[in-house]
Amino acid sequence: MARPKIALIGAGQIGGTLAHLAAIKELGDVILFDIAEGTPQGKSLDIAQSGPVEGFDATLRGANSYEDIAGADVCIVTAGVPRKPGMSRDDLLGINLKVMKSVGEGIKQHAPNAFVICITNPLDAMVWALQQFSGLPANKVVGMAGVLDAGRFRHFLSVEFNVSMKDVTAFVLGGHGDTMVPLTRYSTVAGIPLPDLVQMGWTTQEKLDAIVQRTRDGGAEIVGLLKTGSAFYAPAASAIEMAEAYLKDQKRLLPCAAYVDGAYGLKGMYVGVPTILGAGGVERVVDIKLNADEQAMLDKSIDAVKGLVAACKAIDPSLA
Ligand SMILES: NC(=O)C1=CN([C@@H]2O[C@H](COP(=O)(O)OP(=O)(O)OC[C@H]3O[C@@H](n4cnc5c(N)ncnc54)[C@H](O)[C@@H]3O)[C@@H](O)[C@H]2O)C=CC1
Ligand SMILES: O=C([O-])CC(=O)C(=O)O
């Protein structure tokens with residue numbers, strides 16, 4: 001059987017890291033696409049030349065034409081611009097919306113059967129726009145954010161508790177912005193919920209609150225340190241986990257920006273929720289029970305996403 005074809009739209013910091021990870025994990029053959037001439041070709045060649053050393057079987061090719069993504073099984077979209085220190089993700093909306101239009105049209109024409117993972121910010125509005133512009137079924141278009149945000153939460157918790165990251169589970173719901181909702185009640189060390197760990201005296205509520213806030217600020221912390229761009233290793237690893245769940249029909253339960261129609265009382269919008277990812281794309285949105293405080297935080301986050309979607313519609317009336 002032919003290897004899956006993985007099209008990476010955007011060959012910048014995340015795109016290059018995605019190509020490297022996809023090859024090392026032998027998820028399929030990689031097409032690295034960008035409007036910048038030479039960048040996707042150069043990165044593909046460089047990674048391909050690591051193949052004999054790493055011992056992976058995958059071809060990598062750079063492209064500047066959408067024709068080269070034809071028939072892709074998976075498209076991961078990072079095309080656009082990242083923020084700089086002092087900016088919010090939302091400041092990228094106008095410029096990246098135009099990029100989503102051209103990317104959506106390219107996917108619609110050349111890879112209409114692909115599973116599409118959007119990474120470009122502001123994430124929840126961009127994945128919504130990408131689904132609209134591409135016209136692909138909503139269960140085949142998802143946004144990556146929750147896996148990354150939960151990964152950050154898990155990392156900070158494993159350091160605080162001095163336990164293996166493998167034993168820390170976490171859920172982060174809502175939009176990928178300042179209003180995201182790290183759910184402490186549904187986050188655990190080997191099944192022990194965080195509030196119980198506070199009661200057991202393993203940490204304090206103050207320390208836990210600080211970790212929750214650091215998770216919310218996780219992207220900005222890295223932007224502040226790098227100064228010239230944003231995080232790319234963990235975002236790429238997170239999207240690869242989602243792509244692998246689809247390609248291998250793993251039925252993973254992962255937080256993703258998915259199209260929600262019914263669950264959480266929502267009527268057709270993209271926002272971060274727990275999902276089952278398998279060969280059918282988003283096979284299920286998991287509607288977990290929230291208490292009043294959690295629901296209030298999620299409602300605030302949903303309102304923020306709705307505001308961004310309204311801003312997209314105001315800029316591009318074809319979306320209204
Ligand atoms: N969802 C998430 O959790 C995260 C999202 N991001 C977002 O991902 C995006 C990409 O980040 P990086 O890879 O670090 O940026 P980057 O600037 O390194 O790469 C972006 C690439 O997109 C290309 N590009 C621009 N317009 C294009 C178009 N119309 N068609 C095709 N390619 C185009 C550029 O030439 C560049 O190579 C940013 O918007 C960033 O904010 C970053 C980290 C996490
Ligand atoms: O913070 C940013 O601009 C990039 C991003 O979304 C993240 O790292 O979470």
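Helix H4 makes the greatest contribution to the shell around ligand 1, with three residues, where helices are DSSP runs (H or I) of at least four residues, strands are runs (E) of at least two, and both are numbered from the N terminus. This is a predicted model, in which local features need pLDDT of at least 70 and side-chain atom pairs count only at pLDDT 80 or more, whereas totals for chains, interfaces and linings use all residues. Residues are numbered from 1 along each chain as its sequence is written, chains are lettered from A and ligands numbered from 1 in the order in which they are written, and side-chain values use heavy atoms, with hydrogens and water left out.

**Ligand 1: shell and polar contacts**

- Of the 26 residues around ligand 1, those that come nearest are Gln-13, Asp-34, Val-81, Ile-119 and Met-144, a residue being near when one of its heavy atoms lies within 4 Å.
- By class, this shell has 15 nonpolar, ten polar and one charged residues; Ala, Val, Leu, Ile, Met, Phe, Trp, Tyr, Cys and Pro count as nonpolar, Asp, Glu, Lys and Arg as charged, and the others, Gly among them, as polar.
- Oxygen atoms of ligand 1 lie 3.0 Å from a backbone N or O atom of Ile-14 and 2.8 Å from a backbone N or O atom of Val-81, and a polar side-chain atom of Asn-96 lies 3.5 Å from an oxygen atom of the ligand.
- The protein covers 87% of the 860 Å² of accessible area that ligand 1 has on its own, areas being computed by the Shrake-Rupley method with a 1.4 Å probe.
- Two or more residues of the shell come from each of helix H1 (13-24) and helix H4 (93-110).

**Two loop residues beside ligand 1**

- Asp-34 lies in the loop between strand E2 (29-33) and helix H2 (39-48), and it counts as buried because its relative accessibility is 15%, the cut-off for buried being under 20% relative accessible area (1.4 Å probe, protein chains only).
- Apart from neighbours within four places in sequence, Asp-34 is in contact (heavy atoms within 4.5 Å) with Gly-10, Ala-11, Gly-12, Pro-40, Ala-63 and Asn-64.
- Ile-119 is found in the loop between strand E5 (115-118) and helix H5 (123-134), and at 8% relative accessibility Ile-119 also counts as buried.
- With neighbours within four places in sequence again left aside, the contacts of Ile-119 include Ile-14, Leu-18, Met-144 and Pro-235.

**Ligand 2**

- The residues around ligand 2 are Arg-83, Arg-89, Asn-121, Leu-148, Arg-152, His-176, Gly-219, Val-223, Ser-230 and Ala-231, and by class they comprise three nonpolar, four polar and three charged residues.
- Polar side-chain atoms of Arg-83 and Arg-89 lie 2.5 Å and 2.8 Å, respectively, from an oxygen atom of ligand 2, while an N or O atom in the side chain of His-176 is 2.7 Å from an oxygen atom of this ligand.
- Taken alone, ligand 2 exposes 260 Å², of which the protein buries 95%.
- Helix H6 (146-161) and helix H9 (218-226) each supply at least two residues of this shell.

**Record annotations**

- In the unreviewed UniProt entry, the annotation "binding site" covers residues including Gln-13, Ile-14, Asp-34, Asn-96, Ile-119 and Asn-121, although such annotations may be inferred rather than shown by experiment.
- The same kind of record, a UniProt annotation from an unreviewed entry, assigns "domain: Lactate/malate dehydrogenase N-terminal" to residues 5-143; the end C-alpha atoms of this span lie 19 Å apart, and the span is 40% helix and 18% strand.

Technical notes. Polar contact = N/O pair within 3.5 Å; in protein donor to acceptor, adjacent residues only side chain to side chain. Buried < 20%, exposed > 50% of the residue type's maximum accessible area, 1.4 Å probe, protein only.
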